[in-house]
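Here is a quick tour for anyone meeting this structure for the first time. Take a look at it, then read on.

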Amino acid sequence: MPSQDATPHAPTGIAGLDQLLHGGLPRNRMHLIEGEPGAGKTTLALQFLLEGQRAGERGLYVTLSETTEELQHVAASHGWTLDGIDTYQLAPIAERAADEYTLYHPAEIELADLTKAVLEHVERIHPTRIVFDSLSELRLLAREPLRYRRQILALKEFFSRRPSTVLLLDDHSAGEADLQLRSLAHGVVLLEHLPFEYGRTRRRLRIVKLRGTAATEGFHDFIIVRGGLTVFPQLVPDNNHARPSAPVASGLAEFDALLGGGLTWGTTTLFIGPAGVGKSTMAAQLLCGAANPASRAAVFLFDERRATFIARCDALGMRASERIASGHLVLEQIDPGMASPGEFSHRVRRLVEGDGVRLVGIDTLNGYLNAIPTGDAPIVRMHELLSFLNERAVATIVVLAQHGMVGAMMPVPVDLSYLADAIVLFRFFEADGEVRKAISVVKKRTGPHEHSIRELKLGPDRIHVGASLREFHGVLTGVPQYTGPLKPLLSDDTRRQPR
């Protein structure tokens, strides 16, 4: 058996939580796991014991509220077995006749009997990891706060003399968090589940307290799937990654010229304009054009269906289906209400760190805001993700739809412009009785770019970026004035030119 003091931390078996705890829970201490019923406390406790079993440490699960059969059922639902882990189910204290109680209150005798039974079992098997589930039963037996606190103090004193790491599970059955209980515990982990009107319940955890040890603060998303808890720590930017000097080229010469040669690695580009103006198509052109074995691209679709996206890109000569088949382009469709902000960020992180993705497209930010349930500021979570990608030298394209179709006043649901290193602006405008499209680059922090406004046409078999609209004034307002001679902007002959 390995030495129990080989490390000052006891890993929980949950990689994300151990990352937040900087290695795990401090050994030989008593820790409190809080959360309402259904928050995931039992699952976390079982993972803690199973991780100890893999390390050769003996575990004991003391159940005061669930039966051993119920625990085995929970374990089986995750594909686990409790073989090798001791489970101790406390039988109800037999009711005593009133005359059996003499000098002591009935609660004191019942609680003493229960505690004595637990501690005798602990002394008999000498477990290294112990779980008490749950404290609500002890609280009910104690009946009075003072007696309950004395009992917890007695447990803490008992285990302080033994090499045991103890988890106390509390389901908040008495109401809000017990601050006195938190003061007695060495560490406190809070689990929460937040229901939304639509979609999956969002779960999050917070390390409320951890004495004498550094821990990552704040709320962090987690999910419960077959196999236990998966925790998604907040992303931490890592700036030790070199950026290629060559630009990110789209393969469309006119578009690359408008961008000053292309995008810069490690930057965020915002494609902004009204619905239907071609933002997603131009973003796809960049992602497909730059995708190759050395720099794979990933597109996260929040609005458009996967099949529609592929068909549209193939029709415009981007060969999206071919790039997906070769693995150069990864396409993921995010269903509404099925992912938390933390889970989505870690999907992106997994592709970047594990699969070599160097270009990321988010289509659209509007869809992200509507599809991912969040109770906090969404712009902060997006800032966290974009900072991580930029420091990893990943080129990111974010598509944002404005409200309205034409006119100078078209508001956006969220202002991301201050985070963007480059902004590509799309507009509808009217000319010769037709609705036309215009494209321009209004910002690029990392180098020069064209200041002209060009016409944009999509189809029938490719994307066309025309010459500068020099004979027009007021194109960006949607109501331009034509000052030049009458002539077509992009003629039908131009449309039929081979690529």
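What follows goes from the whole chain to a lysine, two helices and some backbone oddities.

A word on the ground rules: this is a predicted model, where local features need pLDDT of at least 70 and side-chain atom pairs count only at pLDDT 80 or more, while totals for chains, interfaces and linings use all residues. Residues are numbered from 1 along each chain as its sequence is written, and side-chain values use heavy atoms, with hydrogens and water left out.

**The whole chain**

The protein chain comes with 15 helices and 22 strands; these are DSSP runs numbered from the N terminus, with helices (H or I) of at least four residues and strands (E) of at least two. Of its 499 residues, 53% are buried, where buried means under 20% relative accessible area, exposed means over 50% and partly exposed is in between (1.4 Å probe, protein chains only). Look at contacts (heavy atoms within 4.5 Å) with a separation of 6 or more, and 70% of them join residues 24 or more positions apart. The chain exposes about 22,200 Å², and carbon and sulfur atoms supply 53% of that; the areas come from the Shrake-Rupley method with a 1.4 Å probe, and for residues only the protein chains shown count as cover.

**A buried lysine**

Now find Lys-41, in helix H2 (residues 41–54). What does a buried Lys-41 do for a partner of opposite charge? There is no salt bridge here, and Asp-171, the nearest side chain of opposite charge, is 5.8 Å away. For the record, a salt bridge takes a side-chain nitrogen of Lys or Arg within 4 Å of a carboxyl oxygen of Asp or Glu; Lys and Arg count as positive, Asp and Glu as negative, and His and the chain ends are not counted. The Lys-41 side chain does reach the backbone oxygen of Gly-35 at 2.9 Å and that of Glu-36 at 3.3 Å. Leaving aside residues up to four places away in sequence, Lys-41 also touches several others, including Ile-33, Leu-169, Asp-170 and Leu-191.

**Two helices**

Helix H9 (residues 279–290) has twelve residues and reaches 17 Å from first C-alpha to last, close to the expected 16 Å. That expected span is 1.5 Å times one less than the number of residues. Eleven of the twelve residues in H9 are buried, so this helix is largely enclosed by the rest of the structure. Among the buried ones are Lys-279, Met-282, Gln-285 and Cys-288.

The 14 residues of H14 should span 20 Å, and the end C-alpha atoms are indeed 20 Å apart. Its buried residues include Arg-381, Glu-384, Phe-388 and Asn-390. Following H14 comes Ala-393, with a positive phi near 60 degrees.

**Backbone oddities**

Two peptide bonds are worth finding, and here they are with their omega values.

| Cis peptide bond | Omega |
|---|---|
| Asp-133 to Ser-134 | near 0 degrees |
| Gly-459 to Pro-460 | near 5 degrees |

Ser-134 sits in the loop between strand E6 (129–133) and helix H5 (135–142). Pro-460 is in the loop between strands E19 (454–458) and E20 (463–468).

His-22 has a phi near 60 degrees, positive although the residue is not glycine. You'll find His-22 in the loop between helix H1 (15–20) and strand E2 (25–26), partly exposed at 43% relative accessible area. Ala-393, in the loop between H14 (378–391) and strand E16 (395–402), is buried at 1%.

How values were computed: A polar contact is a pair of N or O atoms within 3.5 Å; within protein, one must be able to donate a hydrogen and the other to accept it, and residues adjacent in sequence count only if both atoms are side-chain atoms.
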